[in-house]
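Got your viewer ready? Keep the selection box handy, and let's walk through this one stop by stop.

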Amino acid sequence: MRATMRDVAVRAEVSPKTVSNVINGVVFVRPETRERVEQAMAELDYVPNLSARGLRNGRSGVLALALPNLDTQYSAETIGAFVEVAHARGWAIQVEETGAEPQREFELLSRARAHLVDGLILNPITLEDSVIAEARGLPPLVLIGEVEQSLVDLVGVDSRHSARDMTRCLIESGNRRIAVVGSPVGDFQTATSRQRAEGYRDALREAGLATDAALEIGCADWTAAGAASAFSAYLGRGGDVPDAVFCFTDTMAFGVLNVLWQRGLRVPGDVRVAGFDNTVDSPYAVPPLTTVAFDRRELARLAIARLEQRIAEPTLAPTRVRLPFEIVTRESTRA
């Protein structure tokens, strides 16, 4: 038989009302209580009746998650985290790809205004190219990522500070010529590339090291192939092999590792390599990749919880939530 809300309440040793509060997300529930309820729902394979809830409150039970690119490992892991958290809280997730095109964002906003979805979680790459900069009367909306603004709620990792800490670690390991892959280039001036480049420069200045524009390798295509092409082009122009390479994503680091391997350069013996995101493949790179790690499930939980609050109380003042991060050191940067 299908589990009921009362069954979940009995298993979690709480009231049915508390279970309802966890599912609907409009009333604060202590984290330890929420965890017990979510665990009970998972154990009982409890699925909320979204159609009944929709009839009661006029909602669709669907949230839209829009990312600029669905082809990366980071995107796949982020989608998985959001789907898992949303399911536990009684939501369905509609996944969209914006391709960093404002028109696609506008279409999503229109759907939300038409109540085809109850709220949006959007990851724009720049504020200038996002419709939120000009839109008025926004529907329930939470941003994830690095775009700094005061218009709507934001949940994300502090890219500038985390990039600074990673660069510090490389400097403390004795590296002086540190290149980065993913620095802003031409028209490709994303919030992420700008903030991580600033964090890299902050660490160099703190250590008394000069910045060198030649070591900031631009990469408009944040894929392994794109990074391999950009790094190969840098070396092909006669660029000296750096002591270390800090790639602004793990995916790009995989491309750089391949280029170094093709040229017979040892990692970490000749060059040290670090990434960002701690994707599931990073411990299995050759050698295992040092990276910046943060909890994508916690990103999803915080973003969805805030969106639930925004849906219930549209006039709430926007907030900014920063996730904790850590530097995970592996063999790719060890002495």
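## First stop: charges over rings

Select Arg 296 and Phe 294: the charged end of Arg 296 sits over the ring of Phe 294, 5.4 Å from its centre. Bear in mind as you look that this is a predicted model. For another arrangement of this kind, pick Arg 196 and Phe 276; here Arg 196 lies over the ring face, 3.5 Å from the ring centre.

Keep Arg 296 on screen and add Glu 77, which belongs to helix α5 (residues 73-88). Is Glu 77 buried or exposed? With a relative accessibility of 14%, Glu 77 counts as buried. Now show what surrounds Glu 77: leaving aside neighbours within four places in sequence, it is in contact with Asn 278, Thr 279, Val 280 and Arg 296.

## Zoom out for a moment

Colour the protein chain by secondary structure and you should find 11 helices and 12 strands. Of its 335 residues, 51% count as buried. Looking at contacts in the chain with a separation of 6 or more, 69% are between residues 24 or more positions apart. Switch on the surface, too: the chain exposes about 15200 Å², and carbon and sulfur atoms supply 51% of that.

## Ring pairs

Time for the aromatics. There are four aromatic pairs, counting ring centres within 6.5 Å. Select Phe 231 and Tyr 234: their ring centres are 6.1 Å apart and their planes meet at 20°, so this pair is stacked. Both residues are in helix α9 (residues 224-236), three residues apart, or about one turn of the helix. Phe 231 and Tyr 234 are both buried.

Next, select Phe 246 and Phe 248. With centres 5.4 Å apart and planes at 75°, this pair is edge-to-face. Phe 246 is buried at 0% relative accessibility, and Phe 248 is buried with a relative accessible area of 0%. Add Trp 222 to the selection and you have one aromatic cluster, made of Trp 222, Phe 246 and Phe 248.

## Into the nonpolar core

Which residues touch the most other members of the largest nonpolar core? Out of 64 residues, they are Phe 82, Val 181, Phe 231, Phe 246 and Val 256. Centre the view on Val 256 and show its contacts. Not counting residues up to four places away in sequence, Val 256 touches Val 181, Ala 227, Phe 231, Val 245, Cys 247 and Val 273.

## Last stop: the first helices

Go to helix α1 (residues 5-12) and highlight its buried residues, Val 8, Ala 9 and Ala 12. They cover an arc of only 100° around the axis, which puts them on the same side of α1. Turn the helix around: on the other side, Arg 6 and Val 10 are exposed. Just after α1, click on Glu 13, which takes a positive phi of about 60°.

Move along to Ile 23 in helix α2 (residues 16-24). Ile 23 counts as buried, at 4% relative accessibility. To finish, draw a C-alpha to C-alpha distance from Ile 23 to Ala 86: these two are 63 residues apart in sequence and 9.3 Å apart in space.

Definitions and conventions. Residues numbered from 1 in each chain as written. Predicted model: local features only at pLDDT ≥ 70, side-chain atom pairs only at ≥ 80, totals over all residues. Heavy atoms only, no water. Phe/Tyr/Trp six-rings, centres within 6.5 Å; stacked < 30°, edge-to-face > 60°. Helix = DSSP H or I, 4+ residues; strand = E, 2+ residues; numbered from the N terminus. Buried < 20%, exposed > 50% of the residue type's maximum accessible area, 1.4 Å probe, protein only. Lys NZ or Arg CZ within 6 Å of the ring centre and 35° of its normal. Core = buried A, V, L, I, M, F, W, Y, C linked by side-chain atoms within 4.5 Å. Contact = heavy atoms within 4.5 Å. Arc of directions from axis to C-beta. Areas by Shrake-Rupley, 256 points an atom, 1.4 Å probe, with all protein chains shown as cover.
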